[in-house]
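User: I am new to this structure and would like to be led through some of its features by question and answer. Could we take the aromatic rings and then the charged surface?

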Amino acid sequence: MPVPLFDPLASQAPLRADIRAAVHRVLDSGHFVLGPEVAAFETEFAAYVGAQHAVGVANGTEAITVALRALGVGPGDEVIVPSFTFWASAEAIPPTGAVPVFCDVDPDTMCVTVDSVKAVMTEKTKAVIVVHLFGNVAPVAEIEALGVPVLEDAAQAAGSTSPAGRPGALGTIATFSFYPSKNLGAMGDGGAITCRDAALAERVRTLRFHGSEDKVDYVDIGYNSRLDELQAAILRVQLPQLDRWAAARAEAGDRYAELLDGVVKVPVPTPGSRPAWHLYVIRHAAADALAASLADAGIGARAYYRTPVHAQPPMAPYAPRVPLPGTDEAARTHLAIPMSAALRDEQIAEVAEAVRAGVSAAA
Ligand SMILES: *Cc1c(COP(=O)(O)O)cnc(C)c1O
């Protein structure tokens with residue numbers, strides 16, 4: 001039986017009636033932008049994450065730009081960011097006027113480390129973007145201890161946990177994406193910014209609304225970047241399911257690790273963390289040959305970041321200042337295999353069997 005790489009509709013299917021009711025509630029309300037659904041979702045999402053404040057924004061990319069601006073990042077500043085991540089983590093920096101400075105990752109966890117950040121810090125470093133890549137939980141407190149604010153890019157980590165708390169509550173400010181394929185996905189674009197500090201949350205609220213509170217007086221050059229009422233209402237139906245979905249992703253990861261550790265390199269959760277794997281990403285020297293043999297067996301598999309961000313042509317002005325061996329290694333060898341909250345044991349066994357067969361064939 002074919003196993004797709006992911007299947008967002010499978011976990012949402014039981015919620016269809018509730019989602020329809022939520023959509024109708026918004027249609028009947030006549031409120032479409034910044035109304036009661038967004039306000040309620042912000043309260044509920046902040047409580048889930050364990051942050052004091054959540055602010056809904058248009059998507060996970062603008063969430064990063066707005067959050068950096070709220071931290072005071074601007075021209076002349078440097079922002080550290082890993083190169084092994086989704087493009088948007090770094091793309092969101094130049095619009096603030098600041099310069100992205102690429103740091104390395106540990107290929108086993110695929111996250112930044114204190115040392116990889118330290119290696120590129122300068123007196124111009126204004127913030128560090130730490131990406132909780134694939135749902136793993138990057139070290140945040142240890143990096144903030146270096147004396148620089150951390151922005152958590154938690155786009156892939158909704159539902160993950162760590163001993164210090166959930167992604168979104170670990171650093172000075174954090175950003176989420178509710179793009180449909182994410183662990184908590186809307187039915188369109190959406191995002192959120194979470195933080196502890198009330199004044200910082202206020203700056204975010206102003207920036208997402210043209211740098212204004214009332215569209216009469218303007219205090220900043222801001223953005224039009226808002227989560228809409230329909231998406232907020234849909235997200236409110238799904239949020240209560242997130243823990244269950246996260247547990248299913250974590251358990252599927254455990255099962256894969258039992259079956260595949262030693263056959264390929266399996267992702268290593270950071271100490272104490274319980275990743276709600278957004279993507280389950282293995283590593284193998286012949287990753288592309290393995291992907292081709294999985295495709296022949298009807299198993300969805302793909303590399304996401306074969307060319308790391310710093311090597312994409314538009315980032316040429318921001319060439320890395322240090323070698324990035326962990327990034328190069330992860331970029332060359334990674335391969336995502338099927339993962340979703342609805343993945344069944346027999347599907348996991350089938351994928352693992354196909355991976356074993358593919359590895360033997362590639363040897
Ligand atoms: C998806 C994603 C984003 C961007 O989110 P959008 O809502 O698609 O703009 C940013 N960073 C990471 C790590 C992501 O996976």
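The turns below deal with a predicted model.

User: How many aromatic pairs are there?

Analyst: A pair of aromatic rings is described by the distance of the centres and the angle of the planes. Rings count as a pair if their centres lie within 6.5 Å, and by this rule the number of aromatic pairs is 10.

User: Which parts does the pair of Phe45 and Phe178 tie together, and how far apart in sequence are they?

Analyst: The rings of Phe45 and Phe178 are 5.4 Å apart, centre to centre, with 85° between the planes, and the pair is edge-to-face. Phe45 belongs to helix H3 (residues 36–49), while Phe178 sits in the loop between strand E6 (173–177) and strand E7 (191–195), so the pair ties together parts whose separation in sequence is 133 residues.

User: Is Phe178 buried or exposed?

Analyst: A residue counts as buried under 20% relative accessible area. Phe178 has a relative accessible area of 0%, and therefore Phe178 is buried.

User: Which residues form one aromatic cluster with Phe45 and Phe178?

Analyst: Phe45, which counts as buried at 1% relative accessibility, forms an edge-to-face pair with Phe178. The cluster that holds Phe45 and Phe178 also includes Phe41 and Phe176.

User: Is Asp217 buried or exposed?

Analyst: Asp217 is found in the loop between helix H8 (198–208) and helix H9 (229–238), and together with Glu202, Glu213 and Asp214 it forms a negative surface patch. Exposed means over 50% relative accessible area; the value for Asp217 is 52%, so Asp217 is exposed.

Notes. Residues are numbered from 1 along each chain as its sequence is written. This is a predicted model: local features need pLDDT of at least 70, side-chain atom pairs count only at pLDDT 80 or more; totals for chains, interfaces and linings use all residues. Side-chain values use heavy atoms; hydrogens and water are left out. Patches are made of residues with over 30% relative accessible area and no salt bridge: like charges are joined within 9 Å, nonpolar side chains (Val, Leu, Ile, Met, Phe, Trp, Tyr) within 5 Å. Accessible areas come from the Shrake-Rupley method with a 1.4 Å probe; for residues, only the protein chains shown count as cover. A salt bridge is a side-chain nitrogen of Lys or Arg within 4 Å of a carboxyl oxygen of Asp or Glu. Lys and Arg count as positive and Asp and Glu as negative; His and the chain ends are not counted. The place of a charge is taken as NZ of Lys, CZ of Arg, CG of Asp or CD of Glu. Helices (H or I, at least four residues) and strands (E, at least two) are DSSP runs, numbered from the N terminus. Buried means under 20% relative accessible area, exposed over 50%, partly exposed in between (1.4 Å probe, protein chains only). Rings of Phe, Tyr and Trp (its six-membered ring) pair if their centres lie within 6.5 Å; planes under 30 degrees apart count as stacked, over 60 as edge-to-face and the rest as tilted.
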